[in-house]
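Reader: I am new to this structure and should be grateful for a close look at a single part of it. Please set that part in its surroundings as the account proceeds.

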Amino acid sequence: RFDVLVVGGGPAGATAAIYAARKGIRTGVAAERFGGQVLDTMAIENFISVPYTEGPKLAAALEQHVREYEVEILNLQRAVKLVPGKDVVEVEFANGASLRSRTVILATGARWRQMNVPGEDAYRNKGVAYCPHCDGPLFKGKRVAVIGGGNSGVEAAIDLAGIVSHVTLIEFDSQLRADDVLQRKLKSLANVTILTSARTTEVLGDGQKVSGLTYENRNTGDIHTVELEGIFVQIGLLPNTEWLKGVVDLSPRGEIVVDAHGQTSVPGVFAAGDCTTVPYKQIVIALGEGAKASLSAFDHLIRTSAP
Ligand code: FAD
């Protein structure tokens with residue numbers, strides 16, 4: 001039985017594990033894929049104090065740092081059920097195994113919703129991007145599209161318009177869904193074109209990187225081409241929390257509701273990183289939240305006696 005069991009091996013989970021292990025308590029990490037979203041990332045330029053690194057390199061460094069400590073790493077394990085208890089919480093895995101721990105830290109992260117059109121996968125990290133805070137500056141002076149006219153799409157378009165030469169915002173619906181104040185701001189920008197009733201149909205490229213996209217005008221059925229260098233897909237971030245529904249309080253978007261200490265609605269269960277209601281999904285934020293949740297779990301342990 002563990003004192004702290006971390007579910008998820010991204011930046012939040014790795015940090016939570018290190019902070020727990022440094023307290024000398026029995027710590028485990030169970031992750032489907034150690035490294036998390038960082039593994040899918042190329043250039044990282046906002047991991048402060050490291051001006052440039054790449055995802056696979058940072059993921060390897062996270063794992064190496066965890067392995068410096070006595071942490072049991074259970075890789076390739078997908079959690080499917082959380083069973084709260086008075087003193088011990090149980091986590092069940094897809095392979096039928098289950099683990100018991102006095103506290104659990106949920107750090108299962110999130111995934112970006114994809115367009116699922118030809119070219120999107122082939123040009124991921126080669127012009128197709130999901131995070132404007134991360135990759136916006138890579139497109140300085142270039143032409144980009146933002147897919148999605150909700151709050152995150154319109155915020156991304158406003159943000160990018162200050163960096164790139166031109167932004168085309170593409171919304172499937174007949175109108176934008178973002179807050180009025182954001183729409184007004186967007187419409188005031190000279191280097192933004194807004195297309196509504198437009199369905200992105202293909203990402204075009206030259207074999208190396210993105211060169212454009214095609215979209216269908218949903219009113220006429222006509223197909224149009226836009227030449228550009230970057231495409232930011234902003235049609236939703238899905239937290240990996242489906243398995244927690246009905247057990248832990250989730251927000252309407254499926255994020256785990258946490259308080260300022262990373263405490264969830266279930267005693268002894270904490271959460272950190274992209275899977276939670278904490279805003280702005282970034283590596284440095286996930287690291288800090290992982291540390292916080294771990295210290296809160298330790299605080300919980302010293303206030304409750306071992307069963
Ligand atoms: P994740 O990294 O998502 O890790 C989640 C972990 O939980 C993984 O180990 C996963 O396998 C595991 N898991 C999920 N479900 C289960 C389950 N049921 N059972 C067991 N394990 C499970 N941020 C930046 O700051 N800078 C950047 O440049 C940057 N670029 C990015 C580029 C791309 C393409 C993407 C996708 C994201 C980028 N981000 C960037 C965002 C950043 O990667 C995330 O904010 C960060 O990884 C979140 O960390 P996390 O630990 O909360 O979750």
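In which helix is the place of Ser296? After that, I should like a close account of strand S12, residues 166–170.

Author: The model is a predicted one. The place of Ser296 is in helix H6, which spans residues 283–303. The relative accessibility of Ser296 is 11%. Since a residue counts as buried when this value is under 20%, Ser296 is a buried residue. Apart from neighbours within four places in sequence, Ser296 is in contact with His261 and Phe270.

Now to strand S12. This strand comprises residues 166–170 and is mostly covered, with four of its five residues buried. S12 belongs to an open sheet of five strands, whose order is S10-S17-S11-S12-S13 and whose pairing is parallel. Strand S10 (128–129) and S13 stand at the edges of this sheet; each has a single partner strand, so one side of each is left without a neighbour in the sheet. In the order of the strands, S12 stands between S11 and S13. In general, the strands of a sheet pair through backbone hydrogen bonds, either parallel or antiparallel.

Consider the side of S12 that faces S11. Strand S11 covers residues 143–147, and its parallel pairing with S12 extends over five bridges. Within this pairing, His166 of S12 has Arg143 opposite. The chain passes from S11 to S12 by way of helix H4 (residues 151–161), and the resulting β-α-β crossover is right-handed.

The other partner of S12 is strand S13, residues 192–195, and these two strands are joined in the parallel sense by four bridges. Two residue pairs illustrate the match: Leu169 has Ile194 of S13 as its bridge partner, and Ile170 stands opposite Leu195 in S13. Here the chain crosses from S12 to S13 through helix H5 (residues 180–187), again as a β-α-β crossover that is right-handed.

Helix H4, which leads the chain into S12, deserves attention in its own right. Its buried residues are Gly153, Val154, Ala156, Ala157, Ile158, Leu160 and Ala161. As a general matter, an α-helix has 3.6 residues a turn, so residues three or four places apart point the same way. The cover over the buried residues of H4 includes S12 itself, together with S11, S13, helix H5, helix H3 (132–135) and strand S17 (230–233). Elements of the sheet order, among them S17, S11, S12 and S13, thus return in the list of what covers this helix.

Some points elsewhere in the chain complete the setting. Glu216 is part of strand S15, residues 210–217. With a relative accessibility of 18%, Glu216 counts as buried. Its contacts beyond four places in sequence are Ser197, Ala198, Arg199, Thr201, Gly221, Asp222 and Ile223.

Strand S8 (residues 98–106) contains Leu99. Residues up to four places away in sequence being set aside, Leu99 touches Phe2, Leu5, Leu74, Val89, Glu90, Val91 and Phe93. From C-alpha to C-alpha, Leu99 and Gly28 are 9.5 Å apart in space, although 71 residues apart in sequence.

Two loop residues have an unusual feature to record. Leu76, which is not a glycine, has a positive phi of about 65°. Its loop lies between strand S5 (71–75) and strand S6 (79–83). Leu76 counts as exposed, because its relative accessibility is 67%. Tyr280, likewise not a glycine, has a positive phi of about 70°. This residue lies in the loop between strand S19 (269–271) and helix H6, the helix in which Ser296 has its place. Tyr280 counts as exposed, its relative accessibility being 58%.

Finally, the model holds a ligand. There are 34 residues around the ligand, and the closest are Arg33, Gln37, Asn46, Ala79 and Ile283. Oxygen atoms of the ligand take part in two short approaches: one lies 2.9 Å from a polar backbone atom of Ala12, and one lies 2.8 Å from a polar side-chain atom of Gln37. A nitrogen atom of the ligand is 2.8 Å from a polar side-chain atom of Asn46. On its own the ligand has 1000 Å² of accessible area, of which the protein covers 96%.

Technical notes. Residues are numbered from 1 along each chain as its sequence is written. This is a predicted model: local features need pLDDT of at least 70, side-chain atom pairs count only at pLDDT 80 or more; totals for chains, interfaces and linings use all residues. Side-chain values use heavy atoms; hydrogens and water are left out. Buried means under 20% relative accessible area, exposed over 50%, partly exposed in between (1.4 Å probe, protein chains only). Two strands pair if DSSP finds at least two bridges between them. A crossover is right-handed if, with the strands pointing away from the viewer, the path from the first strand over the helix to the second runs clockwise. Contact means heavy atoms within 4.5 Å. A residue is near a molecule or strand if one of its heavy atoms lies within 4 Å of it. A polar contact is a pair of N or O atoms within 3.5 Å; within protein, one must be able to donate a hydrogen and the other to accept it, and residues adjacent in sequence count only if both atoms are side-chain atoms. Accessible areas come from the Shrake-Rupley method with a 1.4 Å probe; for residues, only the protein chains shown count as cover.
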